[in-house]
Amino acid sequence: LVDLAGSERVYKTQAAGTLLKESKYINSSLHFLEMVIVALQERSNGQARSHVPYRNSMMTSVLRDSLGGNCKTSMIATMNPDRNHTDESMSTCRFAQRVAMVSNAVKVNEEVDPQLVIRRLKKEVVDLREEIALLKGADDEETEISDETQKHIRELVASYVSDKAPDAALSVGPHMGKIRLCFQFLKELAQSGAQASGGGEGG
């Protein structure tokens with residue numbers, strides 16, 4: 001939340017000394033801010049505006065991301081209803097209108113680990129190859145699955161069920177016999193879990 005000081009007319013406030021110096025700094029910062037807003041407005045309207053003067057002041061440099069970057073920004077303009085401040089109120093309204101016409105292309109900031117991307121792509125390649133082999137019918141299905149293979153598949157199923165990771169996967173290759181065996185083991189685990197739950201409630 002950034003609270004911007006209002007523009008002050010020195011001839012109205014009769015500021016002097018330190019207050020006068022502060023008023024000059026405030027008005028100067030607001031002037032540079034308006035230059036940035038005007039440039040962003042022209043860019044949003046499709047005008048060829050390549051340079052936005054963010055570096056003219058510390059304030060516009062700090063607000064760079066909020067004004068023209070990857071941010072959703074809201075501006076609240078306050079005005080003094082006193083008739084003596086009509087000029088300032090109108091100036092504030094014009095400034096707020098220019099700010100409202102600035103549009104930013106907001107997107108999610110996401111940092112991706114290259115190793116995770118490589119691992120995910122390799123997994124996708126393996127899955128796609130298995131699907132292609134299965135669709136082609138080239139599963140090379142055995143008439144009988146050995147006991148050792150069944151034991152290995154049972155361990156894979158148990159590991160898959162106990163894995164709490166949301167992206168956990170169970171893959172036994174493009175072999176319909178092994179896939180049916182996976183479903184069989186999953187069914188056994190589900191039934192044993194249901195029986196254990198029912199026994200606990202009965203006790």
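Start at serine 57, which sits in the loop between helix 2 and helix 3 (58–62). The model is predicted. Colour by accessible area and serine 57 comes out as buried, because its relative accessible area is 11%, below the cut-off of 20%. Now show side chains and add threonine 60: the side chains of serine 57 and threonine 60 are joined by a polar contact of 2.9 Å.

Next, select helix 2 (residues 18–44) together with helix 5 (residues 86–100). Two packed helices are described by the angle between their axes and the distance between the axes. Here the angle is about 40° and the axes are 9 Å apart. Helix 2 and helix 5 are therefore oblique to each other. Turn the view until one helix lies in front of the other; helix 2 passes helix 5 in a left-handed crossing.

Keep this pair on screen and show the residues that make the contact. On helix 2, pick Leu33, Glu34, Ile37, Val38 and Gln41. On helix 5, pick Phe95, Arg98 and Val99. Coloured by residue class, the contact of helix 2 with helix 5 has five nonpolar residues, one polar and two charged.

Finally, zoom out to the whole protein and switch to a cartoon. Eight helices and zero strands should appear, and tracing the chain along the sequence gives α-α-α-α-α-α-α-α. Of the 203 residues in the protein, 17% are buried. For a contact map, consider the contacts with a separation of 6 or more: 62% of them are between residues 24 or more positions apart.

Technical notes: Residues numbered from 1 in each chain as written. Predicted model: local features only at pLDDT ≥ 70, side-chain atom pairs only at ≥ 80, totals over all residues. Heavy atoms only, no water. Axes fitted to C-alpha atoms, helices over the stretch in contact; angles between N-to-C directions. Helix = DSSP H or I, 4+ residues; strand = E, 2+ residues; numbered from the N terminus. Parallel < 35°, antiparallel > 145°, perpendicular 65-115°, else oblique. Left-handed = near helix turned anticlockwise from the far one by under 90°. Contact = heavy atoms within 4.5 Å. Nonpolar A, V, L, I, M, F, W, Y, C, P; charged D, E, K, R; others polar. Buried < 20%, exposed > 50% of the residue type's maximum accessible area, 1.4 Å probe, protein only. Polar contact = N/O pair within 3.5 Å; in protein donor to acceptor, adjacent residues only side chain to side chain.
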